[in-house]
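Reader: I should like to go through the terms used for this structure and ask what supports each of them. Please set each value against its criterion.

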Amino acid sequence: MSWFIARRLLSLAVTLLLATVVIFAVLEIVPGDPARLMLGINATDDAVATLREQLGLNQPVLMRYLSWIAGMFQGDLGHSFTYGSPVAELIGERIVVSLPLALMALAISTAIAIPVGIYAASRRGSATDTAIMAVTQFGIAVPNFWFALLLVYFFAIFLRWVPAGGFAGWDEGIASGFRSLLLPAVALALPQAAILSRVARSAIIEVLGEDFIRTARAKGLTRRAALWRHALRNALIPVVTIMGLQFAFLLAGTIIIENVFYLPGLGRLVYQAITQHDLPVVQGTVLFLVGFVVVTNFLVDITYAWIDPRLRRRGR
Amino acid sequence: MNYVKTGKILVSLAVALMAATVLSPASAFAAKDNIVLGVALEPPNLDPTSNAAAAIDEVVYANVFEGLTRIGPNGEVLPALAESWDISEDGKVYTFHLHEGVKFHDGTDFNSEDVVFSLDRARGEDSTNAQKGLFKAIESVEAVDPSTVKVTLSSPQGGFLFNMGWGDAVMVAPESAATNNENPVGTGPFKFSKWNKGSSIEIVRNDDYWGDKVALAKAEFRIIPDAAAATSALLAGDVDGFSNFPAPEAVPQFEADPNFALVIGSTEGETILAMNNKKPPFDNLKVRQAISHAIDRQAIIDGAMFGFGTPIGTHFAPHHPAYRADLIDMYPHDVAKAKELLVEAGYADGFKATLKLPPPTYARRGGEIIASQLREVGIDLEIIPLEWKQWLEGPFKAKDFDLTIVSHTEPMDIGIYANPDYYFQYGTDEAKAIMAKLDATTDTEARYKLLGDMQELITKDAVNAYLFELAKIGVWNAKVEGLWTNSPIQANDLTGVKWKD
């Protein structure tokens, strides 16, 4: 197992290093002068030149890349051009919104999807199964921002139970924070739950057709007992894979939901930084997200190995 | 335990969790002395002397920071930190008499030394002030005594008092100037309180303010970039209003609702179809006149702006007293006349050109309408959408364009027509002469006359096709009063805002 983990860690480090090169190179190629953008159309050329100098944009490319990497090892991702504050601090402020949101959405999605998937699989072909599959198909097809708008109209405007959006910060209280994140989490979770329940259903159905289930049934177990004791654990691999992908998506890809609910999350930070050409923030945040995805995949791999001991041996 | 039961338990747990979070009490209603205003863009920082972003002034102007003068709701120059001033006979020396007993929010005194510091900083060698041009006429700034400042100009500048009212010319203290971007310290009636980045900015009443205390104890600017979210936030009562409501398509909903006040005003945003006056065929007056005739302004306003906007015939704000309303009739929408002018110019079969469009709706949607209007007279436009940074590099800086659409939101910016290096490259000697005379004139009536002459000149020469003035769509709770109708300067001046009983 430790060999397996070591190999995985090495590939994680190499991936991250490659990511820094790609991120930096892409942003070098993108046209536009951040200083000119900040000072606007009335700015004099000497004011723009001074600002370029202050932002360190006049240094050679390689120097800037190396100082970025060097800073990173000291936990310094540079300073935002526009906000002026450290990038690490900006990411920190946003992650306290994005991470709980992603976790809540994942929890809601799993809490819905796994029971639904099991239920549908155990009644495969029945009217209930068909109905569930139709609903999940609908759930996948409908974009999450549309769910979000419906939720806002009903719970925020009509019932006024929760705010229509915004996030006042955790220092306003845990309850207030959760109230703000509840609708966005539900809106994010529903389409994910639809996908996950379909995956869970088909994974279980596939496992139910395996020989060892037939053996278990022949041994005298009921269908339910066989499913519960033998099929579930074996059906978990595809489910965990999808959950890992979903978690990465929920953290990084929520820009639309963040906009609908005007939440100060990572997605909006990146988007805003890109439009303002705030290079340190784009670099830092994208790298952080890449790191996050890589680490999630690493954890998913470890989980596989834990679920299925055969993978540990194969990995050696 | 079987799996169905597990499912049921999980579902009921989820429901219980939702109910628990949902049912915790909402914020209690107290006597209203606070306001939550929505803003579409988050300011990049809070120092108005550092960056061109209007979003900065929309939070701090007149609220947190004050200048020597300030711009009032109708574009007039009002005294601020300077209670009065004397102007020398030759118009070159301005002596400002400052209010006494003024303190910055950090408790330090405001006096003439701070004025010297602020102005020297803004015009200095290493200044990165986005409007450095405002200060270029200043030759020296001297503190005569703690409450008197003498500013000497190299040549008379009639608009100097107006310039000193810009957000970029506010007074800052040497102790706090470097950190104003994160923690703004001004002299205004509100103090900065906190900034939840990406979410909201809060300011609170300054109880040590030198002037009249403001009615609001607290104001929050909540950042809501999405138009649909802005509508929901108003309907749900999460925000009390938007000075610049970003969703014109949702306006009828609020118009019909007595709980909301809908206030349509105008801004300083002259939206123009800019033409490259140095590049053939746009260097030909007849071609520019043909384009001016080919444009149907109202169709653009209706199609691109949901009907919000005032047609303009020149580059000047229609709410300003010096605006020449008659100039709109110089080039009425007339397709036949436009074709005739093209024939005279030698383009009987029309020509091809490009139309570069920055991201705002007025440009992107307006551009499509203009392309179809110009096609009617035989001009075939290729539309090229650009990001802002590409627009600044290309059309604006490198003058690499044929036609482009942009809104000039700076107040009183007709002077750009006297600058031959400005992107549309007009700046004739005649224009320069009028602007020089304007600078040398301090009498208001005479200035208005000169501004009128300048408008007539740039209309006659059809430098650009002048389309419309951007509207300011205000939607707020009907019980709120004191928010500005127009925006002669980009600001959300909250000093006169209060709740009606």
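Author: The model is a predicted one. Between chain B and chain A, nine residue pairs are in polar contact, both residues having pLDDT 80 or more. The side of chain B that touches chain A draws two or more residues from each of α1 (3–23), β8 (190–196), β10 (218–223), α5 (227–235) and α11 (388–398) of chain B. By class, that side of chain B has 26 nonpolar, 21 polar and 14 charged residues.

Reader: How many residues of each chain are in contact, and what area do chain B and chain A bury between them?

Author: The contact joins 61 residues of chain B to 60 residues of chain A. Chain B and chain A bury about 4900 Å² between them, and 59% of this lies on carbon and sulfur atoms. The accessible area lost when parts come together is often used to give the size of an interface.

Reader: Why is the pair B:Lys194 and A:Glu172 called a salt bridge?

Author: The criterion asks for a side-chain nitrogen of Lys or Arg within 4 Å of a carboxyl oxygen of Asp or Glu. For B:Lys194 and A:Glu172 the closest N and O atoms are 3.5 Å apart, so the pair meets the criterion. Across the interface of chain B and chain A, the rule finds one salt bridge.

Reader: What makes A:Glu28 and A:Arg64 a salt bridge, and where in chain A do these residues lie?

Author: The closest N and O atoms of A:Glu28 and A:Arg64 are 3.1 Å apart; the cut-off is 4 Å, and the pair therefore qualifies. This pair links distant parts of the chain, 36 residues apart: A:Glu28 is in helix α1 (residues 2–29) of chain A, and A:Arg64 is in helix α4 (residues 61–73) of chain A. Over all chains, the structure holds 23 salt bridges.

Reader: How do you know that β8(B) and β9 of chain B pair?

Author: Pairing requires at least two bridges between the strands. β8(B) and strand β9 (residues 200–205) of chain B have six bridges in the antiparallel sense, so they count as paired. One of the bridge partners is B:Val204 in β9(B), which stands against B:Lys191. The hairpin of β8(B) and β9(B) has three residues between the strands, and B:Gly198 takes a positive phi near 85 degrees there.

Reader: What makes β9(B) and β10(B) a pair?

Author: Their five bridges, in the antiparallel sense, satisfy the requirement of at least two, and the strands therefore pair. The bridge partner of B:Ile201 in β10(B) is B:Phe221.

Reader: Why are β4 and β6 of chain B called edge strands?

Author: Four strands of chain B form an open sheet in the order β4-β5-β7-β6, with antiparallel pairing. β4 (82–87) and β6 (138–145) of chain B each pair on one side only, and these are the edge strands. From one strand to the next, the twist averages 20 degrees. Within the sheet, strand β5 (residues 93–98) of chain B and strand β7 (residues 148–153) of chain B pair over five bridges, and B:Val93 stands opposite B:Thr152 in β7(B).

Reader: How do you know that the peptide bond from B:Pro280 to B:Pro281 is cis?

Author: Its omega is near 0 degrees. B:Pro281 lies in the loop between β12 (260–275) and α7 (285–294) of chain B.

Key. Residues numbered from 1 in each chain as written. Chains lettered and ligands numbered in written order. Predicted model: local features only at pLDDT ≥ 70, side-chain atom pairs only at ≥ 80, totals over all residues. Heavy atoms only, no water. Contact = heavy atoms within 4.5 Å. Buried area = accessible area lost by both parts, 1.4 Å probe. Polar contact = N/O pair within 3.5 Å; in protein donor to acceptor, adjacent residues only side chain to side chain. Nonpolar A, V, L, I, M, F, W, Y, C, P; charged D, E, K, R; others polar. Axes fitted to C-alpha atoms, helices over the stretch in contact; angles between N-to-C directions.
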